[in-house]
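Trainee: Could you take me closely through one part of this model, the packing of helices against one another, and then set that part in the context of the chains around it?

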Amino acid sequence: MSHIALEEYGRLLLLLHAAGAIVLVGASTHHFLIALGYLRGRFKVRLGRIYAITVAITYGVTFLLGALVYPSFRYLVRGLYLDRYDVWASNLFEIKENLAVLGLVTAIGALILSRSMDPSLDRHTRFGYAMFVFTQTVVVWFNVVSGLLITMARSV
Amino acid sequence: MSVALHPERREHSSNVPIAVETAAMVFCWSFSFFLLHPVPTLLYFPLEHRWGFDGTPQGLAMDWYGRTLASLLLSAVGGTLAWVLMRRRSPVSPEIQDGGLGATVVSLVFVVLVIVVTSLNRHLVPEPLPPWYLPK
């Protein structure tokens with residue numbers, strides 16, 4: 001057998017990563033609806049801030065778990081299998097891992113804006129906040145669906 | 001329950017969006033740069049359990065950690081600089097705010113396109129199969 005860092009915990013880490021993603025997709029979608037409300041003149045500011053921090057923390061934890069399981073995945077799944085037999089899944093994973101970083105940045109951006117703006121007064125900030133939330137939610141949904149498809153092909 | 005910001009805090013944070021947008025744009029452009037140009041970056045060698053800056057790595061090497069770390073650091077530096085420069089100034093004009101928002105949208109679209117295009121145009125080299133490996 002190979003000896004990759006945290007290889008023996010690969011499945012546990014992946015399970016926790018998936019659990020984080022489940023929470024994240026729910027929180028992100030609710031956050032998306034709150035931000036959509038801001039654009040329509042419905043300002044649930046307190047709820048928006050709660051979802052912003054929930055998403056940021058959950059995203060950070062899920063991201064970290066993914067980063068921990070990545071070396072095992074890179075060699076055992078992608079290196080030995082996907083790059084040889086399921087190239088589409090390998091490419092999809094490459095897109096997923098890079099978009100995940102973009103999602104992290106937009107989650108942090110939305111968190112900072114949610115704490116510093118008054119959406120009923122700051123028209124510009126309201127649009128910027130909505131842009132970050134929309135981007136982050138799209139990334140989360142894309143990554144969740146991609147992750148499911150990839151693990152159907154091969155997993156740690 | 002009212003959650004409106006105190007006027008002083010609101011004035012103090014009026015240019016926060018510019019700083020956040022600057023950070024996002026710096027991330028988008030630096031991440032795109034690292035994807036498009038094979039500059040030496042921090043690499044992780046999972047089979048050797050080591051980190052390194054090897055320009056032309058031999059064997060399995062992962063550049064995602066280095067690319068991510070470098071882009072996030074640059075983004076944080078860019079955002080902090082923008083915040084330091086803008087925090088004592090009066091709020092920027094709506095035209096500049098709209099320009100910043102538009103530039104951020106363009107940057108986000110650009111980095112997504114770069115991610116997709118570079119991911120689909122890789123030259124895949126599967127790892128040699130070890131003797132113990134049994135494909136399912």
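Mentor: What follows looks at two helix pairs, one in each chain, and then at the chains that hold them.

This is a predicted model, in which local features need pLDDT of at least 70 and side-chain atom pairs count only at pLDDT 80 or more, while totals for chains, interfaces and linings use all residues. Residues are numbered from 1 along each chain as its sequence is written, and chains are lettered from A and ligands numbered from 1 in the order in which they are written.

Let us begin with chain B, where helix H2 (residues 16-36) and helix H4 (residues 94-120) have axes that come within 9 Å and cross at roughly 25 degrees. Helices here are DSSP runs of H or I with at least four residues, strands are runs of E with at least two, and both are numbered from the N terminus; axes are lines fitted to C-alpha atoms, for helices over the stretch in contact, and angles run from 0 to 180 degrees between N-to-C directions. That angle makes H2(B) roughly parallel to H4(B), on a scale where angles under 35 degrees count as roughly parallel, over 145 as roughly antiparallel, 65 to 115 as roughly perpendicular and the rest as oblique. H2(B) passes H4(B) in a left-handed crossing, meaning that the near helix is turned anticlockwise from the far one by less than a right angle, whereas clockwise would be right-handed.

The residues that H2(B) brings to this contact include B:Ala24, B:Cys28, B:Phe31 and B:Leu35, and those of H4(B) include B:Leu101, B:Thr104, B:Leu108 and B:Val111, with contact taken as C-beta atoms, placed from the backbone, lying within 7 Å. By class, the contact of H2(B) with H4(B) has 15 nonpolar, five polar and one charged residues, where Ala, Val, Leu, Ile, Met, Phe, Trp, Tyr, Cys and Pro count as nonpolar, Asp, Glu, Lys and Arg as charged, and the others, Gly among them, as polar.

In chain A, helix H1 (residues 10-39) and helix H4 (residues 123-153) pack at an angle of about 150 degrees, with their axes 9 Å apart, and H1(A) and H4(A) are therefore roughly antiparallel to each other. Here too the crossing is left-handed as H1(A) passes H4(A). Among the residues that meet are A:Leu24, A:Ser28, A:Phe32 and A:Ala35 in H1(A), and A:Tyr129, A:Val133, A:Thr137 and A:Trp141 in H4(A); the contact divides into 14 nonpolar, six polar and one charged residues.

As for the surrounding chains, chain A has four helices and zero strands, and its C-alpha trace spans about 60 × 25 × 20 Å along its principal axes. Of its 156 residues, 54% count as buried, that is, with 20 or more other C-beta atoms within 10 Å of their own, against 12 or fewer for exposed and partly exposed in between, the C-beta atoms being placed from the backbone. Chain B has four helices and two strands, arranged from the N terminus as α-α-β-β-α-α, and buried residues make up 27% of its 136 residues.

Where the two chains touch, the contact takes 36 residues from chain A and 45 residues from chain B. On the side of chain A, H3(A) gives the most, with 15 residues, and that side divides into 18 nonpolar, 11 polar and seven charged residues.
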